[in-house]
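The following exercises are to be worked with the sequence and the coordinates at hand. Each consists of a task and a stepwise solution.

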Amino acid sequence: MASETVARGANPRGRILVVEGGAGRQARRFPPRGGRPAPALSVILAAISPQVLLAADAVDTVHLPSATDAAGILSHLRAAVRHPGPLLVHLGGHLVRNRRTGGAELDLGEDRLAWQALVEELRLRPVETTSLVVADLSADEDVLPPLRVVPSPLGAGLPLWAAVNPDPRQVGTFTRALVETLHGGRPGADGELTPEQLHQQVHSVLRPDVLLVASHSAGQQVFRNTARRLEPAPVSASADAVPPADTVPMDAVPAGFLPVLPTGLPPLPEHPPTVHLQAVAPPPGGAVPPPGTVASPPGATVPDDDYQQAIGVIVAAADAGEHTRAATFARELEREALAAHGPDAEPFLRVRQVRAHVSRLAGEQAEAAELYRAVALGLLRTRGADDKETRQATANAEACWRAVEDDAEARRLGPDILLLRRDVPDTRRLRAVEKHLARLEAATTPAR
């Protein structure tokens with residue numbers, strides 16, 4: 001049964017449609033424990049006001065918990081598409097593959113909803129209206145590979161922001177990260193936020209093997225900025241000072257080894273630090289630097305023991321899709337850290353881990369796996385196998401290795417990942433690496 005919450009206001013009403021599908025109850029590589037992931041998406045979404053999740057003074061919320069009827073979902077979706085005001089559709093559940101068509105479908109237990117049916121309905125939505133589909137999903141092992149191409153077919157024809165996890169138990173991490181980020185807001189930004197302003201902070205808590213798809217329109221203000229309610233932070237510059245036109249504020253990443261990719265969600269800061277990503281100024285004489293050249297913000301220096309500001313610039317560029325630029329800056333910073341501190345120093349390992357993060361976002365999973373492995377080995381030498389950061393870097397290396405789609409490349413990396421797993425003990429994960437490597441090697445054995 002649908003529940004409805006109504007708020008009153010003068011501006012066009014918004015509409016939120018929340019659809020909770022199944023949690024993936026069939027046996028698979030990551031079998032869920034206790035059925036549906038906990039807490040349910042409905043519990044997570046209840047922690048945020050509808051007027052924050054969708055920036056409108058009046059918001060109707062229609063919630064379909066434990067949805068089991070594809071026809072019923074499509075009926076509610078058609079009504080939502082006809083709604084003239086801003087629309088946010090939140091989808092949760094598990095994707096399976098249609099054996100006949102090969103297409104992805106949302107598992108509803110006794111029924112299934114074809115992903116293409118969602119696309120066809122939402123295509124009728126007028127392009128000038130605010131529309132966003134947020135999807136927090138898991139998927140069967142055979143569903144993900146066809147969706148990892150760039151651009152992903154999952155977002156074709158949809159204003160989509162989605163996270164698709166190979167582990168059904170992780171469904172909800174993406175939604176919780178979004179809710180926590182909206183609670184903190186974006187200090188200094190406008191009263192309404194675009195999805196891309198939140199990408200970096202939300203994505204930073206997700207595992208490396210999560211498929212992220214963002215096919216929504218850029219610049220579309222969907223969410224309310226709760227930070228606008230707070231007192232503005234004091235500024236050292238005079239009130240008349242005007243920032244350069246080419247300065248773009250970006251959220252920096254929390255201090256420490258980056259990115260930490262936990263299974264749960266760490267608390268997010270109320271006032272995240274800000275860095276400024278600036279265009280490269282032409283050198284004296286007017287020569288224009290070659291494409292891809294990256295410079296630090298003018299006047300900024302990176303202390304030997306703290307690369308945080310530069311790391312923030314790199315991650316901000318990567319999150320904005322400027323992967324070449326981010327990778328170039330990361331390599332330069334890594335060389336500087338190596339020369340200043342040596343190969344096992346924490347500043348160097350922190351920068352190398354950022355390089356791995358950039359490679360992962362760019363789809364270079366093999367390179368990311370090798371870089372994470374190198375970080376793990378450095379931490380293994382300096383901190384030992386029981387250290388939390390050592391175990392996290394090892395898990396990141398394994399996850400990126402599993403995401404490598406080229407079997408030959410995965411086989412090449414497999415023995416090194418296996419040796420790392422033996423050095424950083426985890427009996428369950430060691431067996432999983434051995435089985436995956438055995439499957440890869442069996443695929444090259446000719447049939448007799």
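**Exercise 1: Strand pairing and hairpins**

Strand 5 pairs with strand 6 (residues 112-114) in the antiparallel sense, over three bridges. The model is a predicted one.

Task. Identify the bridge partner of D107 in strand 6, and state which residue takes a positive phi in the hairpin of strand 5 and strand 6.

Solution.
1. The bridge partner of D107 in strand 6 is R112.
2. Four residues lie between the strands of this hairpin, and G109 takes a positive phi near 85°.

Task. Carry out the analysis for strand 4 and strand 5: in which sense do they run, and how many bridges join them?

Solution.
1. Strand 4 (residues 87-97) and strand 5 (residues 104-107) run antiparallel and are joined by three bridges.
2. Within this pairing, V96 has E105 of strand 5 as its bridge partner.
3. The hairpin has six residues between the strands, and G102 takes a positive phi near 80°.

**Exercise 2: The environment of strand 3**

Task. Determine whether the residues of strand 3 are buried or exposed, and on which faces.

Solution.
1. In a regular strand, side chains alternate between the two faces of the sheet.
2. On one side of strand 3 lie V59, T61 and H63, and on the other D60, V62 and L64; all are buried.
3. Because six of the six residues of strand 3 (residues 59-64) are buried, the strand is largely enclosed by the rest of the structure.
4. Strand 2 (residues 14-20) runs parallel to strand 3, with six bridges joining the two. The bridge partner of I16 in strand 3 is T61.

**Exercise 3: Salt bridges**

Task. The structure holds 21 salt bridges. What is the distance between the closest N and O atoms of R13 and D60, and where in the chain do these residues lie?

Solution.
1. The closest N and O atoms of the R13 and D60 salt bridge are 2.8 Å apart.
2. This pair links distant parts of the chain: R13 is in the loop between strand 1 (3-5) and strand 2, D60 is in strand 3, and 47 residues separate them.
3. With a relative accessible area of 28%, R13 is partly exposed, whereas D60, at 7%, is buried.

Task. Describe the salt bridge between E398 and R402.

Solution.
1. The closest N and O atoms of E398 and R402 are 3.1 Å apart.
2. Both residues belong to helix 12 (residues 388-402) and are four residues apart, about one turn of the helix.
3. Buried means under 20% relative accessible area. E398, at 4%, is therefore buried, and R402, at 15%, is therefore buried as well.
4. Elsewhere, salt bridges that share partners join E334, R352, R355 and E367 into one network.

Task. What is the distance between the closest N and O atoms of R383 and D387?

Solution.
1. The closest N and O atoms of this salt bridge are 3.3 Å apart.
2. R383 counts as partly exposed, at 30% relative accessibility.

**Exercise 4: Two helices**

Task. Classify A316 as buried or exposed, and K435 likewise.

Solution.
1. A316 is found in helix 8 (residues 308-319). Its relative accessibility is 2%, so A316 counts as buried.
2. The C-alpha atoms of A316 and A326, ten residues apart along the chain, are separated by 8.2 Å.
3. K435 is placed in helix 14 (residues 427-442). Its relative accessibility is 55%, so K435 counts as exposed.
4. Together with R428, R431 and R439, K435 forms a positive surface patch.

Technical notes:
Residues are numbered from 1 along each chain as its sequence is written. This is a predicted model: local features need pLDDT of at least 70, side-chain atom pairs count only at pLDDT 80 or more; totals for chains, interfaces and linings use all residues. Side-chain values use heavy atoms; hydrogens and water are left out. Patches are made of residues with over 30% relative accessible area and no salt bridge: like charges are joined within 9 Å, nonpolar side chains (Val, Leu, Ile, Met, Phe, Trp, Tyr) within 5 Å. Accessible areas come from the Shrake-Rupley method with a 1.4 Å probe; for residues, only the protein chains shown count as cover. A salt bridge is a side-chain nitrogen of Lys or Arg within 4 Å of a carboxyl oxygen of Asp or Glu. Lys and Arg count as positive and Asp and Glu as negative; His and the chain ends are not counted. The place of a charge is taken as NZ of Lys, CZ of Arg, CG of Asp or CD of Glu. Buried means under 20% relative accessible area, exposed over 50%, partly exposed in between (1.4 Å probe, protein chains only). Two strands pair if DSSP finds at least two bridges between them.
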